[in-house]
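This report describes a predicted model. It moves from the sheet to the helices that cover it, and then to a few single residues.

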Amino acid sequence: MYLLDTHILLWYLAADQQLNPEIRAILDQRNNLHLSVASLWEIAIKFNIGKLPNSSSYDEILEQVDFLNINQLNLSRDDLVRYKNLPLNKKHRDPFDRILIAQAIQHSLTLVTADSKFRTYDLEGFRLYLD
């Protein structure tokens, strides 16, 4: 079971060549995929500040997430407690990434990312699939 980092979803939807073929194959199966509501929030922010000008519309992305049968992972109180208890990492303080780490641990999911900064976390129960 996989939790997708925001950029992995965006790369997949855009058929971006940066996406590892092995990860593309996992996503093509459309099975056991999860996306945090935090990623949907991050995408909305990126649209608002103009960082996704060449992308589909936000509504189209939501439709594609549904079409791909990606499970939406809402934020729970337990996720937030796990987030609060994560050790602070001076090299990586991005709140969206940290909530994904918390949710991956809390829900026993493997976080799929191409962001090497995630390697700086050595946490019990944290499984990472690094592109």
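Strand S2, which spans residues 33–36, runs parallel to S3 and is joined to it by three bridges. Within that pairing, serine 36 of the model has leucine 73 in S3 as its bridge partner. Helix H3, made up of residues 37–48, packs on the sheet, where it touches S1, S2 and S3, and its direction makes about 55 degrees with that of S2.

Histidine 34 is a residue of strand S2, and its relative accessibility of 13% is why it counts as buried, the cut-off being under 20%. Leaving aside residues up to four places away in sequence, histidine 34 touches Met1, Tyr2, Leu3, Leu4, Ile70, Asn71 and Leu109.

**The sheet as a whole**

The sheet is open and has five strands, in the order S3-S2-S1-S4-S5, with parallel pairing. Its edges are strand S3 (71–73) and strand S5 (127–130), each of which pairs on one side only. From one strand to the next, the twist averages 35 degrees. In general terms, the strands of a sheet pair through backbone hydrogen bonds, in either a parallel or an antiparallel sense.

On the other side of the order given above, S1 and S4 run parallel and are joined by three bridges, with tyrosine 2 standing opposite threonine 110 in S4. S4 also pairs with S5 in the parallel sense, over four bridges, and threonine 113 has leucine 130 in S5 as its bridge partner. How do the side chains of S4 point, and are they buried or exposed? Thr110 and Val112 point one way from S4, whereas Leu111 and Thr113 point the other way, and all are buried.

**Helix H1 and its cover**

Helix H1, residues 6–13, lies across strand S1 (2–4), S2 and strand S4 (110–113), and it runs at about 55 degrees to S4. H1 is mostly covered, since seven of its eight residues are buried; these are Thr6, His7, Ile8, Leu9, Leu10, Trp11 and Tyr12. The cover over the buried residues of H1 includes strands S1, S2 and S4 as well as helices H2, H3 and H4 (58–67).

**The packing of H3 with H6**

Besides packing on the sheet, H3 packs with helix H6 (residues 95–106) at an angle of about 165 degrees, the two axes being 10 Å apart. Because angles over 145 degrees count as roughly antiparallel, H3 is roughly antiparallel to H6. H3 passes H6 in a left-handed crossing. H3 contributes Ala38, Ser39, Trp41, Glu42 and Ile45 to the contact, and H6 contributes Phe96, Ile99 and Leu100. Sorted by class, this contact of H3 with H6 has six nonpolar residues, one polar residue and one charged residue.

**Loop residues**

Which residue takes a positive phi just after H1? This is alanine 15, and its phi is about 55 degrees although it is not a glycine. Asparagine 32 likewise has a positive phi in a residue other than glycine, with a value near 60 degrees. The table places these two residues beside asparagine 31.

| Residue | Loop | Relative accessible area | Class |
|---|---|---|---|
| Alanine 15 | between H1 and H2 | 47% | partly exposed |
| Asparagine 31 | between H2 and S2 | 44% | partly exposed |
| Asparagine 32 | between H2 and S2 | 36% | partly exposed |

The helix that precedes the loop of asparagine 31 is H2, residues 21–28. Why does asparagine 31 count as partly exposed? Its relative accessibility of 44% falls between the limits of 20% for buried and 50% for exposed, and it is therefore placed in the class in between. Asparagine 31 can also be set against lysine 51: the two are 20 residues apart in sequence, while their C-alpha atoms are 29 Å apart in space.

Conventions. Residues numbered from 1 in each chain as written. Predicted model: local features only at pLDDT ≥ 70, side-chain atom pairs only at ≥ 80, totals over all residues. Heavy atoms only, no water. Pairing = 2+ DSSP bridges. Helix = DSSP H or I, 4+ residues; strand = E, 2+ residues; numbered from the N terminus. Axes fitted to C-alpha atoms, helices over the stretch in contact; angles between N-to-C directions. Contact = heavy atoms within 4.5 Å. Buried < 20%, exposed > 50% of the residue type's maximum accessible area, 1.4 Å probe, protein only. Parallel < 35°, antiparallel > 145°, perpendicular 65-115°, else oblique. Left-handed = near helix turned anticlockwise from the far one by under 90°. Nonpolar A, V, L, I, M, F, W, Y, C, P; charged D, E, K, R; others polar.
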